[in-house]
Amino acid sequence: MAPAKMATAKDATNLDHIPGEYGLPILGKTLELLKDPKKVSDYMYKTYGPIYRSSAFFQKSVSLIGPEANEFVLMDRERNFSSKHGWSPFLDKLFPNGLMLRDFDNHKAHRRIMQVAFKTSAMKTYVSHLNSGILDSLKKWESIDDLHFYPAIKDLTLNTAASVFFGVPLGPEADKLNKAFMDSVQAAVAVIRYPLPGTKFRRGIKGREFIVNYLRDQLPQRRGSDAKDMFTVLCNATDEDGNGYTDDDIIDHMNFLMMAAHDTLTSSFTTLIYHLALNPEWQQTLRRECQNLGLGPQDDLPYEKLDDLEMIEWAFKEALRLNPPVPSIPRRTTREVVFKGVTIPANTPINISPGFTQKMEEIWTNPENFEPDRFSEQRGEDKKHRFAWIPFGGGAHMCIGLHFAYMQMKVFMYHLLTKYEFTVEDGYEAEFQIMPIPKPKDGLPISIRPLGETSPIEETA
Ligand code: HEM
């Protein structure tokens, strides 16, 4: 099929034939969505069915709900949906030209080169950086009295990223990079999207400038180097035909990769730890799984053992089901599209919803409960439909960092579970903000003690 002509026209505005409602003038349903996205989607789905029009974040759009819709949009066999134009309104100013902001043949060509940075040989090097970075950070947590998990895991992830992504050890250079990066990530979700003095957005633009200059200065020495951090690997990566990236490509891809990895990892690890603190029997089961690997107390978790942590993987999948870091995936139609008998015009912003599908009662038993074994062979609830569980998306744009995410999660959980026990106060219940990315509003106060200090679980086990 010939490549679809890119949609650059204005958004389609006449969606009146599609069931739905827009909400308030201008703001649409933005405030309701920020407050309680589940309530809004439940209401819209029950009232209007699996395809409805709505308005939020200054955009009219059409939502397509359920596993069939997820498959239709993500597999996109006819090139009906642009990821670039779906994500641009949110990401283009701070993270332009990242992989998600490319479509079809151009996207494919760029993705083939990036795959080099995620091959087994590259992953094996990252895993050793992750082991040492995570252990160091955990030791520091021991001395913090009022530890809050969310800011602590954010710091840990930033510090490990400085070494894994850029090959920069902890110190003033890493601190500067981390700060610039945090400013740009926070600006990506700022409400005011113009660089007025004193705004998050302006700090974000400055942060981006700092990182761009840093990367550009470093590029000449990284090209041809055999260092194994992700930046250097991308500088030297080529596809099977010998095509590589230009300097500008590398800068854009590195910026985007850091952004795509950071908040998703911190959000999903926080949900996982919260549920394991509330469910000590699961925490203990996963601890046993780690102890049964037969490694010594000072050993790293080697790459070859990652697949043995099967139940830890179920628990992570369950955390990603309950609180997917990307609760809604946007696209824009490149041409008129018909789905389930409803015609969606060309140039319509649309979205699918991992957040909603992953809690549909038609698919999941007790959808609000934390039950990691729903992913076991026996229960296999995720097998009911290939697109029922989609925290990493699917199809051409499926998360390229998926295995990296599992790897970092397992290394983190291995060291945490084999050396520490963690609890929240009796009766504690976290309130999660869901949009734009799930996080506990109070940062998740948590107590982390070295194992064996006073461990009622160990004593009774
Ligand atoms: C739990 C962690 C993560 C989650 C839940 C997650 C989720 C996602 C989702 C849903 C998409 C697809 C978006 C779409 O189709 O529009 C995506 C794409 C992407 N992710 Fe992740 N991600 C995670 C971690 C990472 C990490 C660690 C990296 C890098 C090391 C990464 C890099 C990317 C990139 C580059 C893309 C764009 C792929 C493309 O367009 O071809 N992600 N991610």
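These legends describe close-up views of one predicted protein model, starting with the whole chain and ending with single residues.

**View 1. The whole protein, with its helices and strands.** The predicted model contains 16 helices and eleven strands. Its radius of gyration is 22 Å, close to the 23 Å that the globule rule gives for 461 residues, so the protein is as compact as a globular protein of that length. Taken along the principal axes, the box filled by the C-alpha atoms of the protein is roughly 65 × 55 × 45 Å. Buried residues account for 41% of the 461 residues, and, among contacts with a separation of 6 or more, 72% join residues that are 24 or more positions apart.

**View 2. The shell of residues around the ligand.** The ligand is surrounded by 23 residues, of which the closest are Ala261, Thr264, Gly393, Cys399 and Gly401. Two helices, α11 (247-278) and α15 (402-419), each supply at least two residues of this shell, and α11 gives the most, with six residues. When the residues of the shell are sorted by class, 16 are nonpolar, six are polar and one is charged.

**View 3. Helix α6 against helix α15.** Helix α15, which also contributes to the shell around the ligand, packs with helix α6 (residues 120-142) at an angle of about 35 degrees, and the axes of the two helices are 10 Å apart. The crossing of α6 past α15 is right-handed. On the α6 side the contact is made by Met123, Tyr126, Val127, Leu130, Asn131, Ile134, Leu135 and Leu138, while the α15 side offers His403, Phe404, Met407, Gln408, Val411, Phe412, His415, Leu416 and Lys419. The residues of this contact divide into twelve nonpolar, four polar and one charged.

**View 4. Helix α6 against helix α7.** Helix α6 also packs with helix α7 (residues 149-166), here at an angle of about 145 degrees and with the axes 9 Å apart. In this pair, too, α6 passes α7 in a right-handed crossing. The residues that meet are Tyr126, His129, Leu130, Gly133, Ile134, Ser137 and Trp141 in α6 and Ala152, Leu156, Asn159, Thr160, Ser163 and Val164 in α7. By class, the contact of α6 with α7 has seven nonpolar residues, six polar residues and no charged ones.

**View 5. Leu130 in helix α6.** Leu130, which lies in helix α6, takes part in the contact with α15 and also in the contact with α7. Leu130 counts as buried because 24 other C-beta atoms lie within 10 Å, and the cut-off for a buried residue is 20 or more. Leaving aside neighbours within four places in sequence, Leu130 is in contact with Thr160, Val164, Met407, Gln408 and Val411. One of these partners, Met407, is 277 residues away from Leu130 along the chain, yet the C-alpha atoms of the two residues are separated by 8.9 Å.

**View 6. Asp103 in a loop between two helices.** Asp103 is found in the loop between α4 (83-91) and α5 (104-114). Although Asp103 sits in a loop, this residue is buried, because 25 other C-beta atoms lie within 10 Å. The C-alpha atom of Asp103 is separated by 12 Å from that of Gly395, a residue 292 residues apart from Asp103 along the chain.

How values were computed:
Residues numbered from 1 in each chain as written. Predicted model: local features only at pLDDT ≥ 70, side-chain atom pairs only at ≥ 80, totals over all residues. Helix = DSSP H or I, 4+ residues; strand = E, 2+ residues; numbered from the N terminus. Rg over C-alpha atoms; globule rule 2.2 N^0.38 Å. Buried ≥ 20, exposed ≤ 12 C-beta atoms within 10 Å, placed from the backbone. Contact = placed C-beta atoms within 7 Å. Near = placed C-beta within 6 Å. Nonpolar A, V, L, I, M, F, W, Y, C, P; charged D, E, K, R; others polar. Axes fitted to C-alpha atoms, helices over the stretch in contact; angles between N-to-C directions. Left-handed = near helix turned anticlockwise from the far one by under 90°.
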